[in-house]
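Q: I have a model open and do not know how to read it. Can we go through its features one at a time?

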Amino acid sequence: MGYPLMDALFAHYDLRSLERLWRGSIASYGSRLIALADGPDVNAVSLWLPPNSGTSQVLPFLANGGFGLSPATWMKLMRYESYAEAMMKRNTQGDCWYLFDLAVRPSCQGKGHAGRQLRPMLEIIREQGSSCWLETHDPANVGLYEHFGFRLAETGTVSGSDVAHFGMLFNG
C-alpha cells in the first residue's frame, strides 16, 4: 500500500493486515497510550506514550491481532522492534515521550492535520521540559517533523531490508 516499513514487514498486506497490527499494538500498550483524533470523521490520529511507559506487552498484542500475522511477519516485526528500541536508547535518556504513530487520511494530507495533531502535545512536552522520540521510514516525512522542531538524531537501515530508518528527537 506504499509505506516502506509495511512493505518490508508484510509480503502482501491489505487493510485487514494493518488493522491486526494496529489493534495488537494499541492493546500491547494498554492505558499507557494517549490517542488524539481530529474529530468524529478521524481524518488524522496520533498515538503517544508518556515517559517511562515501558515496552509493549506481547500477550495483549497476540490476543488482539498478533495471532493473525504470519510467522514471517512476526519475526520481521520482532527484529524491527529490537532495532528501533536500540536506536532510541542510543539517542535518548529513556525518559522521553514517544510518538508511536501519526496518520493522516491521504485525501487530507497537506491541509494542516498533522500540525493540529503535533502542536498541542509538543506544547505539553515543552512545558514539562521533556523530549519526544519518533521514527519514520519515509524520507519525505523528515522535513515535516523538522518543521515542528524535531531534529534528525540517527539514520540507519531496518535489519534484513533496504528500508531507511530515521530516528528523530524533539527537545522541549
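**Reading the model**

A: Start with a helix, whose length can be checked against a rule of 1.5 Å a residue. This is a predicted model, and in it the 16 residues of helix 5 (residues 113-128) should span 22 Å; the end C-alpha atoms of helix 5 are 24 Å apart, which agrees.

Q: Where in helix 5 does a kink lie, and of what angle?
A: A kink is read as a bend in the helix axis at one residue. In helix 5 the kink lies at Arg119 and is about 25°. The proline Pro120 comes shortly after that point.

Q: Which residues of helix 5 are buried?
A: A residue counts as buried when its relative accessible area is under 20%. In helix 5 the buried residues are His113, Ala114, Gly115, Gln117, Leu118, Met121, Leu122 and Ile125.

Q: What comes just after helix 5?
A: Look at the backbone angle phi there. Gly129, just after helix 5, has a positive phi of about 70°.

Q: Which residues have a positive phi although they are not glycine?
A: Val42 is one of them, with a phi of about 45°. Val42 sits in the loop between strand 1 (34-37) and strand 2 (44-49). Its relative accessibility is 37%, so Val42 counts as partly exposed. Asn52 is another, with a positive phi of about 60°. The loop that holds Asn52 runs between strand 2 and helix 3 (58-63). Asn52 has a relative accessible area of 63% and is therefore exposed.

Q: How many helices and strands are in the chain, and what pattern do they follow?
A: Count the elements, then read them along the sequence. The chain has six helices and six strands. Their pattern along the sequence is α-α-β-β-α-α-β-α-β-α-β-β.

Q: What does the radius of gyration say about the chain?
A: The idea is to set the value beside that of a compact globule. For 172 residues such a globule would have a radius of gyration near 16 Å; the chain has 15 Å, which agrees. A second view is a box along the principal axes: the C-alpha atoms fill roughly 40 × 40 × 30 Å.

Q: What part of the chain is buried, and what does the chain expose?
A: Of the 172 residues, 40% are buried. The chain exposes about 9,200 Å², and carbon and sulfur atoms supply 54% of that area.

Q: How are contacts read along the sequence?
A: Take the contacts with a separation of 6 or more, and ask what share joins residues 24 or more positions apart. In this chain that share is 67%.

Q: What are the contacts of Ser28?
A: First place the residue, then list its partners. Ser28 is in helix 2 (residues 15-29), and at 3% relative accessibility it counts as buried. Apart from neighbours within four places in sequence, Ser28 is in contact with Ser56, Gln57, Pro60 and Phe61.

Q: How many aromatic pairs does the structure hold?
A: For each pair, read the distance between ring centres and the angle between the planes. The structure holds four aromatic pairs. One of them joins Tyr98 and Phe100, edge-to-face, at 6.2 Å centre to centre with 75° between the planes. Tyr98 has 15% relative accessibility, so it counts as buried. Another pair, Tyr145 and Phe150, is also edge-to-face, with 5.8 Å centre to centre and 75° between the planes. Tyr145 counts as buried at 7% relative accessibility, and Phe150 is buried with a relative accessible area of 3%. Ring pairs also link Tyr29, Tyr98 and Phe100 into a cluster.

Q: How far apart in space are residues that are far apart in sequence?
A: Compare the two separations for chosen residues. Asp138 and Leu9 are 129 residues apart in sequence and 15 Å apart in space, C-alpha to C-alpha. Gly68 and Leu169 are 101 residues apart in sequence, and their C-alpha atoms are 33 Å apart in space.

Q: Where do Asp138 and Gly68 lie?
A: Asp138 is in the loop between strand 4 (131-136) and helix 6 (139-147). With a relative accessible area of 25%, Asp138 is partly exposed. Not counting residues up to four places away in sequence, Asp138 touches Tyr3 and Phe166. Gly68 lies in the loop between helix 3 and helix 4 (71-91). Gly68 is partly exposed, with a relative accessible area of 40%.

Terms used: Residues are numbered from 1 along each chain as its sequence is written. This is a predicted model: local features need pLDDT of at least 70, side-chain atom pairs count only at pLDDT 80 or more; totals for chains, interfaces and linings use all residues. Side-chain values use heavy atoms; hydrogens and water are left out. Helices (H or I, at least four residues) and strands (E, at least two) are DSSP runs, numbered from the N terminus. The expected span of a helix is 1.5 Å times one less than its number of residues. The bend at a residue is the angle between axes fitted to the seven residues ending there and the seven starting there. Buried means under 20% relative accessible area, exposed over 50%, partly exposed in between (1.4 Å probe, protein chains only). The radius of gyration is taken over C-alpha atoms; the globule rule is 2.2 Å times the number of residues to the power 0.38. Contact means heavy atoms within 4.5 Å. Accessible areas come from the Shrake-Rupley method with a 1.4 Å probe; for residues, only the protein chains shown count as cover. Rings of Phe, Tyr and Trp (its six-membered ring) pair if their centres lie within 6.5 Å; planes under 30 degrees apart count as stacked, over 60 as edge-to-face and the rest as tilted.
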